[in-house]
Every structure is written in C-alpha cells, then in structure tokens.
Amino acid sequence: MNLLADFEQFVRQAEPLRDRTWFHLGGPAEFFAEPRNEEELTALVIRCRAESLPIRLLGGGSNVLVRDEGVRGMVLHLTGEAFSGIHVSGRTVTAGGGAKLGHVVSTAVREGLAGLEPLVGIPGTIGGALHGNAGSRGGDIGQWTTQATVITRSGKIAERGRVDLEFAYRSSSLDELVILRAKFELEEDSPEELTKRMQKEWITRKASQPLGHQSAGCIFKNPRGMSAGMLLEQAGLKGARVGGAEISQRHANFIIAENGATSADVLKLIDLARSRVAERLGVELETEIEIW
Ligand code: EPU
C-alpha cells in the first residue's frame, strides 16, 4: 500500500503492541503511527478514511487488552511535545491529549490547584482519561473539564465546550477519534494541603489494589450501587486461573497476567468470571477495559 511510502517518516508496519500495554500481551498493529504534529495527524486521518482503514487511538495502554492475533488497521499514538504539553494560567490547566494524567495531576497540585488530586495513581494519558471519564471515589476528570479540542472521524479539528460535554460513571460524550487537548478549571488551595490529600489517596489505593503487576486496572465496571470486586469475591473467583492469567487475591476486579500468559487466557478468564457471577449472583458484569 503506498500509504506507507507517503507517510514513511512516522508510520510503521506490523508494529508489536504488547509492550505498549500494561498487560504486556497481544499481537501487532497492522500499521502504527506516531505523527509529530497536528498537520501530520490530520493528513493521516483523512488518508485512512479515504482508504477505509480503521483507526484506533492508543493512549497509555493501561485500559486495553490487545488480542493475540493483533489489530487490523491503523493504531495512532500521540507522543512528543506537540501533543503532551501542560500549561497553567490562573486556575486553568490546559493539557495535550498525549500528556500523562499523572503529570497533569502533579502539576496542578504543585501550582496549588485543587480538583484532580483524587486521580493520583491512575495511569494513562489525558486522552484516555477523558475518553473513559477516569476517576476514583473522590471524583472524576469530567467534572473539571470545561473544553476539549478534538479531531473528528473525517479529520476536522473541532472545539467542544461545556454544553457539549457530558460525563457519567466511566463514560463520556467525547467519543471523537482524537482528543487533542483539554482545559480544566480548578480551585485554589494550598499545595501542602493538596499534597497531603494526594498522599492519603495514594496510600489507600496501594493498600487495596495489586498495583505494579502485569495488569490493567479494574476489568469490570461497578454495576449500579454495587462493587464488581465484591461480587467477584462472593462468587469465589479470587485466585481463579486460566493458563497464565489469575484473578488477583488482593482485589478480585484485577486480573494479573504472568509471564507466558496469552490474551486468550485473559479473555477466557473474563468469560468465566462473568458467567459465574451471572449464574451465582444474577448480576451481568460489563467490561471496563477495551478489548482490541
Ligand atoms: N471488595 C471486596 N473484594 C474485592 C475487592 C473489593 O469485597 O476483591 C469490596 C471492598 O472491601 C469494598 C468494596 O468492594 O467494600 C469497594 O472496593 P474498592 O474500594 O477497592 O473500590 P472499587 O469499587 O472496587 C473503584 C474503581 C477503581 C478505583 C477505586 C478507588 C471501578 C470499577 N473501580 O474500585 O478504579 O481505583 O474505586 O477509588 O469503578 C479502574 O477503574 O480501573 C479502577 C481501578
């Protein structure tokens, strides 16, 4: 395909994705692109559309399971200064879609701006966080978001203001192809207070979740008013295994992939967990992670 020749500076073929995801599993992307600026990005989006090549956005890889057979089409990855800058002006933080959520949280705290600190420890990028409205019990990213600049599926840059933005538990109206950057309006507070709050949140999280393992955060969404982790534990699934994949003993909504595990192991374990919870407790669980 001459797409490769035309975009050779930043598009590669048959690119392994496994080490770009937190599970470290799965096959390659048919095409993989790291555009260096908005012009390259929009030109590529328009070209893929013209050639009917499906496009997916990979953020930090912390909420994605790539199937063993890999991904057909184009996988876009936004790296570099053009997509990951963070700027603070008064109470407004502007961050690129490729910026790490953790960097944005720590910048806000350092600048004495409150709101995002409950998101401490959540991996991934701003684009990924907005796409799935990342959050914790203390709040979510959507409640602080006042504007987003996106690229639509047809390759047009567009602004989404407060009236267009709707966020709910792990869902967002920002379902456009690319989230280029976003603005967050925060509240003034003392950096010392914020740091304390952030540390407290981090300690609680570390005590209850198997962080630092080959995992991808919570597998299932919490069904209304219930905890998926608790349901999975009640269904006796802690420690359940398929091949090299195991349901965490520490928190049942996490799956740990050992060395040698495959994506198929994880997928079978997800199916097993879902059907056992349905059978024993009558609750249908829905996955939170994206399966590519
Ligand atoms: N629980 C169990 N067994 C388990 C796990 C949890 O009984 O194996 C119980 C806990 O004892 C507690 C309740 O379930 O009473 C809730 O557990 P926890 O406080 O760990 O919170 P969660 O609802 O499981 C949610 C988010 C996490 C987020 C934490 C903390 C979802 C699916 N999960 O977990 O987000 O970090 O709150 O704010 O919304 C993620 O989305 O990937 C994620 C990790």
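1. Let's start with a pocket: the second largest one has a volume of about 200 Å³. A pocket here is an open set of points on a 1 Å grid over the protein atoms alone, with protein on both sides within 12 Å along at least five of seven lines, where a 1.4 Å probe fits. The volume is the space filled by probe spheres set on the points, which are joined across faces, edges and corners. Of the 14 lining residues, G59, G60, H77, K100 and T125 are the closest to the centre of this pocket; lining means having an atom within 4 Å of a point.

2. A word on the source: this is a predicted model, where local features need pLDDT of at least 70 and side-chain atom pairs count only at pLDDT 80 or more, while totals for chains, interfaces and linings use all residues. Residues are numbered from 1 along each chain as its sequence is written, and side-chain values use heavy atoms, with hydrogens and water left out.

3. What lines that second largest pocket, by class? There are 3 nonpolar, 9 polar and 2 charged residues. Ala, Val, Leu, Ile, Met, Phe, Trp, Tyr, Cys and Pro count as nonpolar, Asp, Glu, Lys and Arg as charged, and the others, Gly among them, as polar.

4. Now the ligand. It is surrounded by 20 residues, with R137, Y169, N222, E233 and E288 the closest; a residue belongs here if one of its heavy atoms lies within 4 Å. By class, that shell has 6 nonpolar, 8 polar and 6 charged residues. Helix α7 (residues 228-234) gives the most to it, with 3 residues.

5. Which atoms of the protein pair with ligand oxygens? The side chain of Y169 has an N or O atom 2.6 Å from one, and a polar side-chain atom of N222 lies 2.7 Å from an oxygen atom of the ligand. A252 uses its backbone instead, with an N or O atom 2.7 Å from a ligand oxygen. Taken alone, the ligand exposes 820 Å², and the protein buries 76% of that (Shrake-Rupley method, 1.4 Å probe).

6. Overall, the protein has 8 helices and 20 strands, taken as DSSP runs (H or I, at least four residues, for helices; E, at least two, for strands) numbered from the N terminus. The C-alpha trace spans about 55 × 50 × 30 Å along its principal axes.

7. Two backbone spots to look at: A14, in strand β1 (residues 11-16), has a positive phi near 50° without being a glycine. R170 also has phi near 50°, and sits in the loop between β13 (167-168) and β14 (171-172).

Note on methods:
A polar contact is a pair of N or O atoms within 3.5 Å; within protein, one must be able to donate a hydrogen and the other to accept it, and residues adjacent in sequence count only if both atoms are side-chain atoms.
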